[in-house]
Amino acid sequence: MPSPESPDAAWPERLAAYRAQLDCRFPQVGEVFEACLLDALRVLSPAGVSAYLECGRFLGRMGRGVEPLLTFLEEWPSTAGILGEDALPAINHTLQLIWKSPNGKAITPFLQTLAAVARRLPSREQMQHYLDLTLDLMERTSGSIHGIHKSFASHGLPDFLAQAPILLNGLAIGGLQNWVDYGIRNYGNHPDRQRAYFSLQSADSRAVFQRERHGTLLVDHEHLLDLCLRGLWGDSAQLVPYASSADPTGHSAQADASAPLLPYYDASGIRLPDVLDDALGVSGIDRYRASLAHIAGHRRWSTPLFADNFSPMQRMAIEMFEDSRIERLILRQYPGLHRIFLALHPTPVEGACNAATHSCLRHRLAMLSRALLDPAHGYQDAALREFVERFAQTMASGEASSEAVATLALAYVARTRRQSDQLANVHFADTVITYRDDNRHLWRFHELSDDEEMFEPRPTTAAAEVDRLPPRHYPEWDYQSQTYRPDWVSLYESLHPSGEAALIDRLFDKHAALARRLKRLLDLLRPQDRLRVRYQEDGSELDLDIAIRSLIDFKSGATPDPRINMSHRTNGRNLAVLLLLDLSESLSDKVRVGNGEQTVLELSQEAVSLLAWAIEQLGDPLAIAGFHSDTRHDVRYLHLKGFSEGWGDPVKRRLAAMQAGYSTRMGAAMRHAAHYLAAQPAEKKLMLILTDGQPSDVDVQDERLLIEDARKSVGELEQQGIFTYCISLDRKADEYVHDIFGGRYAVIDNIERLPEKLPELFMALTR
């Protein structure tokens, strides 16, 4: 099929066929159908598109008006990009059950928040848990006549669905289950109180919400952990959460079959608990880092073995020795992890297991694992100490191998096995190492059976890499409802492509006279090392001129001036600057400059280069980034210069490659830029926004929406201590820019003077 972004001559015919499959007569749908279909074709297979249209057909015919259908057509492509198109049958099933109940009005809020919920619950298992929770709430709070058929709609279901993204911003799916159960138990028969509870309006509702909030949510730190995985291990595996049932201490031995305690990895990615509490002096985020490092080590160094060749006891020993080998290799590269591993690894007490009544194999292996990790283990068992030494000798030759430690493990089992190892009662205390994975990746099976899970690792070739980081999600302000739309915008950041640095050098030759004039201004602004402060009653030294004058006044009978001291202060500039460039399509417009024409982008390129050079002369930390957007699902943030980079060829090459395209979703870009600027230690923080038009995007019809969102983001930045200032190249900017920035803006009508005006404006702002 030809690319949907460049339809061929047959596109009108195919579009008509898709319209016929949807079979909808709503005029509002006709206006947006093609745009929604193009979004769907980008992410869905042909079968997925067919299922998408069939579900839309059902929503259009169920008698609830156009809103559910419009919401589904717009939201499902982005939701499918998170969950996968195979999630649609479960969602469609939920929709049909809601439709068959008296709760048809809940379908619209269910669909409106589905994409935001999917961002918080990106795994299929978590989403199914949410769907089950929704249906359970509907069933238990819908009323019936004579207890036979459900006749009255749930009073709390629509409010719960509307608040679901906000609830999931603070709760794991298990915490959400507890919060919902509390509301049903206490307010199931009180309509008004039920609505207040599930809309987060009652004090009781907020109190239970706060009670259930605990731990470190994976979804809130997924971006950071993904960077850790890529930066430290060169691994791009996807992080997939599962519902955790682990004890907060981190050493629980009770497992829920539907929610495994231990992390693992399979074909879908690295599976981690959705929430981890601080435990044993280790923060939740460090517990995630420990698990991620351990799994990444397995993915790099472990080789699968055939399980059919070993008994269950031998496999257990091999897994422990292989885990210890992997951690030894990890600590060679990153020794700082040793503290975390030691804190999280249980310390079994020697002799704690009674071999007369229990199987002690797990206990012995946990002791050996601790001894291999901790040189100061203190265990006296002769066999344990012997195999600690043999393990050290095996690892002394290099990385060793999975086969080598398997041989060592078999020798250990043969040397230490006891008749009691066959007992059904197993000693579990202090044997569960929660940051390690369950080692399912370590085994292959000659004979396939229903109870063994086959595993094929995902390829990690360079071709699978993307040129930008995973998305960060930001809210967007809805001025009509006066609320945030949580996780509404997906922002992707990447390093800007590079061009030819000589292009920027030629621009400086072109503006040599302007550069000389700026140099003179810069000399006046450049900080001096020390500045004398006179007329001080208390100071570091005596000001002789004032002291002599005071002495003369005293001898003459006049009242002497007591301010006879002086002090010194450093005349430095404690300022950090971030320049945010609008790189939308309108920058390609041409303007007349002298006897020729230049694009607004080219003039911006010249101005930004001169400004960067000027700020470098002053010594102020400066970062430069550009942004543009293609709907709320794809806001692009491009790094041109980092705070720690100097003015050199790498920065020049990126500036030389600046290109214009797409639209201007300003609020999200400003929020993300503030993430970097707020981290700077400077006393004053300035964000300059260079733009040539008002905030807009192709998926927004109300032109005030993004203006109000940008205005809201300016207020958010002020609360963070960030001063914003807009330089607009739009002659009509006065109509909207004052609404966003108040009086903190300048309009440069004569665009060809931008290279001159931008550096001068900066120096005026920071004088």
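In this predicted model, helix α13 spans residues 218-233 and lies across strands β4 and β6. The helix runs at about 145° to β4. The strands beneath this description belong to an open sheet of three strands, ordered β4-β6-β5, in which the pairing is mixed. Its edges are β4 (239-242) and β5 (264-266), each of which pairs on one side only. From one strand to the next, the twist averages 35°. Four bridges link β4 to β6 (residues 269-273), and this pairing is parallel. Within it, Tyr242 has Pro273 of β6 as its bridge partner.

Tyr264 gives a closer view of the edge strand β5, where it is placed. Its relative accessibility is 7%, so Tyr264 counts as buried; the cut-off for that class is under 20%. Beyond its neighbours within four places in sequence, Tyr264 is in contact with eight residues listed here: Tyr242, Gly269, Ile270, Arg271, Ile295, Asp437, Asp438 and Arg440. Tyr242 thus appears twice in this account: as a contact of Tyr264 and as the bridge partner of Pro273. Ser291 is 27 residues from Tyr264 in sequence. In space, the two C-alpha atoms are 9.1 Å apart.Aromatic contacts were examined next. The structure holds 19 aromatic pairs. One of them joins Phe160 and Phe198. Their ring centres are 6.4 Å apart and their planes stand at 85°, so the pair is edge-to-face. An angle over 60 degrees is what that class requires. Phe160 belongs to helix α9 (residues 157-170), and Phe198 belongs to helix α11 (residues 191-198). The pair therefore ties together parts that are 38 residues apart in sequence. Phe160 is buried, as is Phe198. Both rings also take part in one aromatic cluster, formed by Tyr130, Phe160, Trp179, Tyr182, Tyr187, Tyr197 and Phe198.

A helix pair was then considered. Two packed helices are described by the angle between their axes and by the distance between those axes. For helix α20 (residues 501-510) and helix α23 (residues 600-618), the axes come within 10 Å. They cross at roughly 85°. The two helices α20 and α23 are therefore roughly perpendicular to each other, a class that covers 65 to 115 degrees. On the α20 side, the contact is made by Leu503, Ile504, Leu507, Phe508 and Lys510. These meet Gln605, Glu606, Ser609, Leu610 and Trp613 of α23. By residue type, the contact of α20 with α23 divides into six nonpolar, two polar and two charged.

Strand β20 (residues 684-691) has seven of its eight residues buried, so the strand is largely enclosed by the rest of the structure. β20 pairs with strand β15 (residues 575-582) in the parallel sense, over seven bridges. In this pairing, Leu575 has Lys684 of β20 as its bridge partner. β20 is also joined to strand β21 (residues 722-728) by seven bridges, and these strands run parallel. Here Met687 stands opposite Thr724 of β21.

Methods:
Residues are numbered from 1 along each chain as its sequence is written. This is a predicted model: local features need pLDDT of at least 70, side-chain atom pairs count only at pLDDT 80 or more; totals for chains, interfaces and linings use all residues. Side-chain values use heavy atoms; hydrogens and water are left out. Two strands pair if DSSP finds at least two bridges between them. Axes are lines fitted to C-alpha atoms, for helices over the stretch in contact, and angles run from 0 to 180 degrees between N-to-C directions. Contact means heavy atoms within 4.5 Å. Angles under 35 degrees count as roughly parallel, over 145 as roughly antiparallel, 65 to 115 as roughly perpendicular and the rest as oblique. Ala, Val, Leu, Ile, Met, Phe, Trp, Tyr, Cys and Pro count as nonpolar, Asp, Glu, Lys and Arg as charged, and the others, Gly among them, as polar. Rings of Phe, Tyr and Trp (its six-membered ring) pair if their centres lie within 6.5 Å; planes under 30 degrees apart count as stacked, over 60 as edge-to-face and the rest as tilted. Buried means under 20% relative accessible area, exposed over 50%, partly exposed in between (1.4 Å probe, protein chains only).
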